[in-house]
Amino acid sequence: MRFILSLFLMIWGPLSLSGQEAHLANTNPVKEKSTYKIGIIIGSTRPNKIGGQVAEWVFQQVQEAPNLQFTLVDLEKWNLPLFNEPGMPLNGPKTYVHAHTKKWGHEIASYDGYIFVTPQYNCGYPASLKNAIDYLYAEWKDKPAIIISYGFQDGGAKAAMQLKQVLESFKMKFSSTMPAIGLAPQMLNEKKKLKNASEDFKPYREAVLNAVNELVESLKYLS
Ligand SMILES: Cc1cc2nc3c(=O)[nH]c(=O)nc-3n(C[C@H](O)[C@H](O)[C@H](O)COP(=O)(O)O)c2cc1C
């Protein structure tokens, strides 16, 4: 009887796990850090962007997550030129020739995981974000990530899907929850800035917190 029970658990146990759990079950948790650093990357670089406000709202929602320290990474401030490294980032940081690449590489390497905050531009994510991603390779590799999109159409879900497809090349561990924040014209003032994100984005708070919980789980398996 005991033998049959063990056999049942051996076969049924792994099959009954969800995708994320199955992924985790295949890996041993490594020693947990006391604090994990998470970069919240603002994908838009428009001078009048709302991306900063969206990211700031995300930042405020996640403050109570234990053991996580969040930093806003504003690509507008980074002002990276259009990709101009002569080599392939896949070949490692030693091949970087430009100071801006080395600095950007250090910044991204310093985080254990990321929250990408992306708008939707013409049914995709902005070129500024693709450019910043393409500069690096090892710095992104295998790390956990959340993608949060915003837009007038489906909360920018198309941008999020495309971004996920690109980031999959780094074997990032994505939260299955991908918050997609729906914008509406009445959320913006005459300067096209958000009037009241804390009220208007309330419906998305739970999704953001669920995604962060998933990120925390993935961080435990970061080597
Ligand atoms: C170049 C461009 C293309 C856009 N394309 C879309 C789109 O395809 N779908 C959508 O819902 N909104 C679109 N928008 C509206 C943006 O979602 C909205 O302007 C948002 O504020 C952009 O984010 P940002 O202010 O952080 O740059 C577009 C905006 C720009 C500037």
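## Ile-40 and the core around it

Let's start inside this predicted model, at Ile-40. Leaving aside residues up to four places away in sequence, Ile-40 touches Ala-55, Val-58, Phe-59, Phe-70, Thr-71, Leu-72, Val-73, Ile-115 and Val-117.

Ile-40 also belongs to the largest nonpolar core, a set of 47 residues. Those with the most contacts inside this core are Ile-40 itself, Ile-41, Val-58, Ile-115, Phe-116, Val-117 and Ile-148. As a bit of background, nonpolar side chains in soluble globular proteins tend to be buried together.

## The chain as a whole

Stepping back, the protein chain has 223 residues, and 33% of them are buried. The chain contains 9 helices and 6 strands. Take the contacts between residues at least 6 apart in sequence: 80% of them join residues at least 24 apart.

How confident is the predictor? The average pLDDT for the chain is 90, and 86% of the residues score at least 70. Residues 3-26 are another story, with pLDDT under 50 throughout. For that stretch, the model has 8 contacts beyond four places in sequence.

## Around the ligand

Which residues sit closest to the ligand? They are Ser-44, Lys-49, Gly-51, Pro-119 and Gly-151, part of a group of 14 that surround the ligand. By type, the shell splits into 6 nonpolar, 6 polar and 2 charged residues.

## Helix 6, inside and out

Helix 6 covers residues 127-134, and its buried residues are Ser-128, Leu-129, Ala-132 and Ile-133. Looking down the axis of helix 6, you'd find these buried residues within an arc of 135 degrees, so they line one face of the helix. That fits a simple rule: an α-helix has 3.6 residues a turn, so residues three or four places apart point the same way. The buried residues of helix 6 pack against helix 4 (75-78), strand 3 (113-119) and helix 7 (157-167).

Ala-127 is in helix 6 too, but is it buried or exposed? Ala-127 counts as exposed because it has 12 other C-beta atoms within 10 Å, and the cut-off for exposed is 12 or fewer. Its C-alpha atom is 9.4 Å from that of Thr-45, a residue 82 places away along the chain.

## A loop residue

Asn-91 lies in the loop between helix 4 and helix 5 (99-109). Asn-91 is exposed, since 12 other C-beta atoms lie within 10 Å. Asn-91 and Tyr-137 are 46 residues apart along the chain, with 8.2 Å between their C-alpha atoms.

Terms used
Residues are numbered from 1 along each chain as its sequence is written. A nonpolar core is a set of buried Ala, Val, Leu, Ile, Met, Phe, Trp, Tyr and Cys residues joined through C-beta atoms within 7 Å. A residue is buried if 20 or more other C-beta atoms lie within 10 Å of its own, exposed if 12 or fewer, and partly exposed in between; C-beta atoms are placed from the backbone. Two residues are in contact if their C-beta atoms, placed from the backbone, lie within 7 Å. pLDDT is the predictor's confidence in each residue, from 0 to 100. A residue is near a molecule or strand if its C-beta atom, placed from the backbone, lies within 6 Å of it. Ala, Val, Leu, Ile, Met, Phe, Trp, Tyr, Cys and Pro count as nonpolar, Asp, Glu, Lys and Arg as charged, and the others, Gly among them, as polar. Helices (H or I, at least four residues) and strands (E, at least two) are DSSP runs, numbered from the N terminus. The arc is that of the directions from the helix axis to the C-beta atoms.
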